[in-house]
Amino acid sequence: MTNVHVGIQIRREPAELVKADESEFHWDLDIDAALRDGQVEFRGPSVQGVRGERFVYLTWGEVHQNSAFEMFRRAKLMLNRIDPSVLESALEVGHLRASIDLTGSDGGPRCGAVKPPAIVWSVPAA
């Protein structure tokens, strides 16, 4: 494949696509988080899944000459797997960061549920 891009999936569409061979890039997402029945509930256009199992998709695809995006792989950033102490701090300050190794063990784009050490959740310094 040529012209491979990765982006955030918003509802059913890819958004904020970047060339996959960039050495570093970031996305800023607006995700609401609130306590509900003792659990943190996540909501927003980029949030997928059912209550208690929410996640954000990274979607990989090839961008063709006509600008059409052909998805071939997705990765799930599981919001319910964030360390509770990190999540508590993030709720206090209103920000959360995920650093992700986007290269899978096969050398291709990472797919499936992304687990540590491939993802590190942290609270950025104020």
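This is a short tour of one chain, stop by stop, for a viewer session. The model is predicted.

**Whole chain**

Start with the cartoon view. The chain has 10 strands and one helix. Colour from the N terminus and read the order: β-β-β-β-β-β-β-α-β-β-β.

Now show the C-alpha trace. Along its principal axes it spans about 45 × 25 × 25 Å. The radius of gyration is 15 Å, which agrees with the value near 14 Å that a compact globule of 126 residues would have.

Switch to the surface. About 8,300 Å² is exposed, and carbon and sulfur atoms supply 46% of that area. Of the 126 residues, 31% are buried. Next, colour by charge. There are 14 positive and 18 negative charges, and their mean positions lie 7 Å apart.

If you plot a contact map, take the contacts with a separation of 6 or more. Residues 24 or more positions apart account for 46% of them.

**Stop 1: R11 and E16**

Select R11. It sits in the loop between strand 1 (4–10) and strand 2 (13–19). Check its backbone: phi is positive, about 55 degrees, although R11 is not a glycine. The relative accessible area of R11 is 57%, over the 50% cut-off, so R11 is exposed.

Move on to E16, which is in strand 2. E16 also has a positive phi, near 50 degrees, and is not a glycine. At 45% relative accessibility, E16 counts as partly exposed.

**Stop 2: R54**

Select R54 and show its side chain. R54 lies in the loop between strand 5 (47–48) and strand 6 (55–63). Is R54 buried or exposed? Its relative accessibility is 16%, which is under 20%, so R54 counts as buried.

Which side chain does the side chain of R54 meet in a polar contact? Add E41: the two side chains make a polar contact at 2.5 Å. Then show the backbone of F42. The R54 side chain reaches the backbone oxygen of F42 at 3.3 Å.

Expand the selection to the contacts of R54. Leaving aside neighbours within four places in sequence, they are E41, F42, V47, Q48, G49, L77, M78, L79 and N80.

**Stop 3: P109**

Go to P109, in the loop between strand 8 and strand 9. P109 has a relative accessible area of 19%, which is under 20%, so it counts as buried.

Add W60 and draw a C-alpha to C-alpha distance. P109 and W60 are 49 residues apart in sequence, yet 7.5 Å apart in space. With residues up to four places away in sequence left out, P109 touches W60, F72, R73, L102 and G104.

**Stop 4: R110**

Step along to R110. This residue also lies in the loop between strand 8 (97–100) and strand 9 (112–113). R110 is buried, with a relative accessible area of 17%.

Where does the side chain of R110 reach a backbone oxygen? Show D101: the side chain of R110 reaches the backbone oxygen there at 2.6 Å.

Now select everything R110 touches, not counting residues up to four places away in sequence. The set is W60, R73, R74, A75, D101, L102, T103, G104 and A118. W60 appears in the R110 set, and it was in the P109 set too.

**Stop 5: P116 and P117**

Select P116 and P117 and show the backbone atoms. The peptide bond from P116 to P117 is cis, with omega near 10 degrees. P117 is in the loop between strand 9 and strand 10.

**Stop 6: S122**

Finish at S122, in strand 10 (residues 119–122). S122 counts as partly exposed, at 25% relative accessibility. Which residues does S122 touch, not counting residues up to four places away in sequence? Select V86, L96 and R97.

For a last distance, add H64. The C-alpha atoms of S122 and H64 are separated by 35 Å, and the two residues are 58 apart along the chain.

Terms used. Residues are numbered from 1 along each chain as its sequence is written. This is a predicted model: local features need pLDDT of at least 70, side-chain atom pairs count only at pLDDT 80 or more; totals for chains, interfaces and linings use all residues. Side-chain values use heavy atoms; hydrogens and water are left out. Helices (H or I, at least four residues) and strands (E, at least two) are DSSP runs, numbered from the N terminus. The radius of gyration is taken over C-alpha atoms; the globule rule is 2.2 Å times the number of residues to the power 0.38. Buried means under 20% relative accessible area, exposed over 50%, partly exposed in between (1.4 Å probe, protein chains only). Contact means heavy atoms within 4.5 Å. Accessible areas come from the Shrake-Rupley method with a 1.4 Å probe; for residues, only the protein chains shown count as cover. Lys and Arg count as positive and Asp and Glu as negative; His and the chain ends are not counted. The place of a charge is taken as NZ of Lys, CZ of Arg, CG of Asp or CD of Glu. A polar contact is a pair of N or O atoms within 3.5 Å; within protein, one must be able to donate a hydrogen and the other to accept it, and residues adjacent in sequence count only if both atoms are side-chain atoms.
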